[in-house]
Amino acid sequence: MAMGRGRVLRRYSRGWGRAAQPGAAGAAPPSLAPGPRNRSSFAARPVEFSETENAEVKSHYWTPSLKWKPNVCIESMPSEMLLKIFSYLDAVSLLCAGCVNKQFYDLANDNGIWLKIYCSHFPPKRMIWKMNSETETVSLGCAAVQDRKPGYWKKEYIFRQIAAVKTRVMQLVKPVDPHTGLPCKNREAIRASGLSWVIVLKDKNGKEHVMEQADLSFKDTSVTIFWYSTSWPCLSVLSTLELCGVTPLLPEQNRAASKNGPRRRSLIAKYSLSNLTKTNVAIGADKLVQLFGLNPGLLLGLWKGKNEIAFVMASLHYHQLLERSTLGSATVQYVLSPNKPVLDDVDPEYGLHDYSLHLDMHGGSHTCMCGTFKSLFCRKGDIQNGYLRLMVVSVKDNAKHLPIIGTVGLSWKTDVFKGNVKGCYLMDVTVLDETQKPFWCFSAPVYMELSSKTSGLYDYMGHIYTTEYADSEGKVSVDLIWLEETKEYYVVSLVLYISTKKVNSWYGTNY
């Protein structure tokens, strides 16, 4: 310390002979200014320092004042104040706040707050009281808060809300349409449950891109969902596409579908997008887009020349749609319950007759044909190559030939463009068994292909077009004739081929 004081005093002594200019930047501090000596201060002659000496002196003696900035982070607030703030939140906001961190999660599980929310939505029919040791009446709610584990009333409230929505949905799906064998109020049930659909695009690095539905179109037996955006990920880096149903955790609180609230996801189908344009054939195209179909029921529109996604379309049949869209998990699909066969030893052709078909052909925005066909059957001798042949419309029966209303084409749109791909449409097939239960159901994009066959009918002279569809349970074959004079199509042949494996598992037979 002695050496340090000596060094500073020597530096002061070098400038004692140099007078400091009043108001100069290098003037000595007031404590070192000239003046009469006194016993309480150190007397020094006027000095003038160089810039280097000035900086060093200031660093030793002139410390600038630091302004204290208060910490206003909400996490630093006392728990009592945070609980008071949380008590003003609704159920959805409270659940979102619990996802911030562990402290907020513990506070957002407070039984006092959730009991208040629970009672506001489900008021008790009567007030229940109990007596304590001092014979004072206290509300049962106080005991319910103290005796329960944290989060108990949150779970009770969520389960009660889900049960209320489930009860309302079950009431809506009870009435059944006799023509389709499906619930009459599927549209109302979907809206009551808050159900919507998303697609999850996964790239080769595992990153997910979630796209929310942009539009819906309801038909008699299916719903068509559209996704379009200006920020699609590059198709070349994508590996899979997952179609999922999404429902809000608290449907009553999410009347306006919120994308940020707590939601549950149910996997419906998973598709591979690797080498899409090389492994799949385009089913149709117009001037702007090419269409690629993926089974089951998915359609991808790609911009021509760029091979980038323009839109995605999915057609979902109503049969057990609510179960598939709500009862699965984010990674596992809901497994449909198997049908329990009822054996019939009396009928020798059990399972071969009394089928019904409801067919809907539409282009997304308009319906081309919609009809119901009953009393379909197949003889044992007509079972070939593992399929039952059900003739719906025969070429030889002119009375059953059906006209197609309007033009056949699939309408599409994006944020900027829209168009129509001719020759493509969506086919909804609902086959009912003899007890009018849904037996085979699907909704899928299909296309018409010019056939090499020539029309042998005298009433129809024109080109023949065919539409084919096949899956693991059966096949559909449609023949149409284009009439140039009237500018319309006629369905002259419609045949269903149902797999004998499907029939045997459904009826317990052995065909």
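Lysine 202 counts as partly exposed in this predicted model, with a relative accessibility of 21%. Its salt-bridge partner glutamate 242 is buried, at a relative accessible area of 5%. The closest N and O atoms of glutamate 242 and lysine 202 are 3.3 Å apart. Here is a tour that starts from this pair and then takes in the rest of the chain.

**Salt bridges**

- Glutamate 242 sits in strand β7 (residues 238-248) and lysine 202 in strand β3 (residues 196-203), so their salt bridge links distant parts of the chain, 40 residues apart.
- Glutamate 242 also forms a salt bridge with lysine 270, where the closest N and O atoms are 3.9 Å apart.
- That second pair again joins distant parts of the chain: glutamate 242 in β7 and lysine 270 in strand β8 (residues 263-272) are 28 residues apart.
- A network of salt bridges links Lys202, Glu208, Glu242 and Lys270.
- Elsewhere, the side chains of glutamate 484 and lysine 487 meet in a salt bridge, at 2.2 Å from N to O.
- Glutamate 484 is partly exposed, with 43% relative accessibility.
- The count of salt bridges comes to eight.

**The chain overall**

- The protein chain contains 12 helices and 24 strands.
- Of its 511 residues, 41% are buried.
- Among contacts with a separation of 6 or more, 60% are between residues 24 or more positions apart.
- The accessible surface comes to about 29500 Å², and carbon and sulfur atoms account for 55% of that area.

**Strands and how they pair**

- Strands of a sheet pair through backbone hydrogen bonds, in either a parallel or an antiparallel way.
- One open sheet has six strands in the order β5-β6-β12-β11-β10-β9, with antiparallel pairing.
- Its edge strands are β5 (215-218) and β9 (284-285), each of which pairs on one side only.
- Four bridges join β5 to strand β6 (residues 222-228) in the antiparallel sense, and serine 217 has threonine 224 in β6 as its bridge partner.
- Strand β19 (residues 424-432) and β20 are also antiparallel, with nine bridges between them; leucine 432 stands opposite proline 438 in β20.
- β19 and β20 make a hairpin with five residues between them, and glutamine 436 in the turn has a positive phi of about 65°.
- Strand β20 (residues 438-447) is mostly covered, with nine of its 10 residues buried.

**Loops with backbone features to check**

- Most residues other than glycine have a negative phi, and most peptide bonds are trans.
- The peptide bond from asparagine 295 to proline 296 is cis, with omega near 10°; proline 296 is in the loop between β10 (289-294) and β11 (298-303).
- Aspartate 354 has a positive phi of about 60° although it is not a glycine, and its place is in the loop between α11 (321-326) and β13 (355-362).
- Aspartate 354 is partly exposed, with a relative accessible area of 39%.
- Asparagine 385 has a positive phi too, near 55°, and lies in the loop between β14 (367-376) and β15 (387-393).
- Asparagine 385 is exposed, with a relative accessible area of 74%.

**A nonpolar surface patch**

- Leu288, Val416 and Phe417 form a nonpolar patch on the surface, together offering about 280 Å² of accessible area.
- Phenylalanine 417 belongs to the loop between β17 (409-413) and β18 (418-422).
- With a relative accessible area of 42%, phenylalanine 417 is partly exposed.

How values were computed
Residues numbered from 1 in each chain as written. Predicted model: local features only at pLDDT ≥ 70, side-chain atom pairs only at ≥ 80, totals over all residues. Heavy atoms only, no water. Helix = DSSP H or I, 4+ residues; strand = E, 2+ residues; numbered from the N terminus. Buried < 20%, exposed > 50% of the residue type's maximum accessible area, 1.4 Å probe, protein only. Contact = heavy atoms within 4.5 Å. Areas by Shrake-Rupley, 256 points an atom, 1.4 Å probe, with all protein chains shown as cover. Pairing = 2+ DSSP bridges. Patch = residues over 30% accessible without salt bridge, like charges linked within 9 Å, V, L, I, M, F, W, Y side chains within 5 Å. Salt bridge = Lys/Arg side-chain N within 4 Å of Asp/Glu carboxyl O.
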